[in-house]
Amino acid sequence: MSSKSHYYSIDILRGLTAFIICLYHFINHSDANGYLFDDGSIVRNVSNHISDVVFIFFLISGFVIPLSMAKMNYKINKILPYLSRRLIRLEIPYIASMLLVLVITFAWSVKEGSVFHLDYWQILNHFTYTVAIFNYPWLNLIYWTLAIEIQFYIVIALLFSFITSTNKFIQYTTIILFGLSGLLFPDTRFIFQYAPIFTVGILFYLSQSDKKSKNTNLILMSVFLLLTIFSESFQTFIYLSIALLLIVYLKPNKILEKFGSFSYSFYLIHGSIGGSIIYFLSKGVENNLLKFVIVLIAIIASIVFSYLFYLVIERSSHRLSKKISLSFKNKTN
């Protein structure tokens, strides 16, 4: 698997995952009008089997983050610029999407004549990704995954030298202990609950980068992949298995790659844009066919607005993060 094909497949996989999650959210959309599709309907029941697709993002991070760290020759003394780079790429679009949520919420409250309440402690906890820890509701439900991603960035920054150690005892002890940490800390607010999923990604990375230990890494990866059945669900196991195959065998596709390039923006704002459209158009609609048309309109609008969001916000965060990485490299060399 070449580096080039790998990146094609990762971009496509990100886009496909974000799209499926969007579809799940829109089918299960609820607001002041109630649920878009009736509870217990076939479409709702079927959609409930796809929610675990979101864990593919954790698998991707487990694979891609160590890969990027290896390329930048990461050492523990690079932890501050590394974390700064990752945070800026994540944080700037995240904050912009929060502002979008608040603006839309305020606009709807004005339209409906309801009271707009802003909890400053809730907002503050969004900046620190501690919303769930302090039992506040997320402004956007998908933000919980970003909180887990941030925790992974910190953990991998601290453990990377052990995970890539030439001493196999140190390497595999670290990987196994991290992968099993959820047994000691089974809490969905923290990364340890999802450690088996990230570990699958890490071992897949090692299987590609360390050819001498490829078989060992693949066997261990299979063990942790099976463990996800118990830590999450059998559906999670299936989706992660399919994702691994897609990373290897997906062929380049310019349209899907383009969508994948701004899939983070799409993931962040599809609920705000598409959800607002569904709320506006679905009032009084009973026909299921019309509801599917509304979902289609919401998806198209979300794609258009997320691409604009990418051009204005996310792409700028990418450029800024690269400057931080380069400036550190110049100082240390």
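The radius of gyration of the protein is 21 Å in this predicted model. A compact globule of 333 residues would have a value near 20 Å, so the two agree. Along the principal axes, the C-alpha atoms fill a box of roughly 65 × 45 × 40 Å. The secondary structure comprises 14 helices and 2 strands.

Contacts across the sequence were examined next. Among contacts between residues at least 6 apart in sequence, 74% join residues at least 24 apart. Burial was assessed over the whole protein. Of the 333 residues, 49% are buried. The exposed surface amounts to about 16,900 Å². Carbon and sulfur atoms supply 68% of that area.

Charged side chains were then counted. The protein carries 26 positive side chains and 15 negative ones. The centres of these two sets lie 18 Å apart.

In soluble globular proteins, nonpolar side chains tend to be buried together. Here, the largest nonpolar core holds 89 residues. Tyr82 and Tyr143 have the most contacts inside this core. Helix H6, spanning residues 143–163, gives the most to the core, with 12 residues. The number 143 thus marks both the start of helix H6 and one of the two residues with the most contacts in the core.

The surroundings of Tyr143 were listed without residues up to four places away in sequence. Tyr143 touches Tyr94, Ser97, Met98 and Val101. Tyr143 also touches His126, Trp138 and Leu268. One of these partners, His126, falls within the range of helix H5, residues 120–127.

The loop between helices H5 and H6 was inspected for backbone angles. Most residues other than glycine have a negative phi. Two residues of this loop depart from that pattern. Tyr129 lies in the loop, and its phi is near 60 degrees, a positive value. Asn135 is also placed between H5 and H6. Phi of Asn135 is likewise positive and near 60 degrees.

The two residues were next compared for burial. The relative accessible area of Tyr129 is 8%. This value is under 20%, so Tyr129 counts as buried. Asn135 has a relative accessibility of 66%. That figure is over 50%, so Asn135 counts as exposed. The loop between H5 and H6 therefore holds a buried residue with positive phi, Tyr129, and an exposed one, Asn135.

Note on methods
Residues are numbered from 1 along each chain as its sequence is written. This is a predicted model: local features need pLDDT of at least 70, side-chain atom pairs count only at pLDDT 80 or more; totals for chains, interfaces and linings use all residues. Side-chain values use heavy atoms; hydrogens and water are left out. Helices (H or I, at least four residues) and strands (E, at least two) are DSSP runs, numbered from the N terminus. The radius of gyration is taken over C-alpha atoms; the globule rule is 2.2 Å times the number of residues to the power 0.38. Buried means under 20% relative accessible area, exposed over 50%, partly exposed in between (1.4 Å probe, protein chains only). Contact means heavy atoms within 4.5 Å. Accessible areas come from the Shrake-Rupley method with a 1.4 Å probe; for residues, only the protein chains shown count as cover. Lys and Arg count as positive and Asp and Glu as negative; His and the chain ends are not counted. The place of a charge is taken as NZ of Lys, CZ of Arg, CG of Asp or CD of Glu. A nonpolar core is a set of buried Ala, Val, Leu, Ile, Met, Phe, Trp, Tyr and Cys residues joined through side-chain atoms within 4.5 Å.
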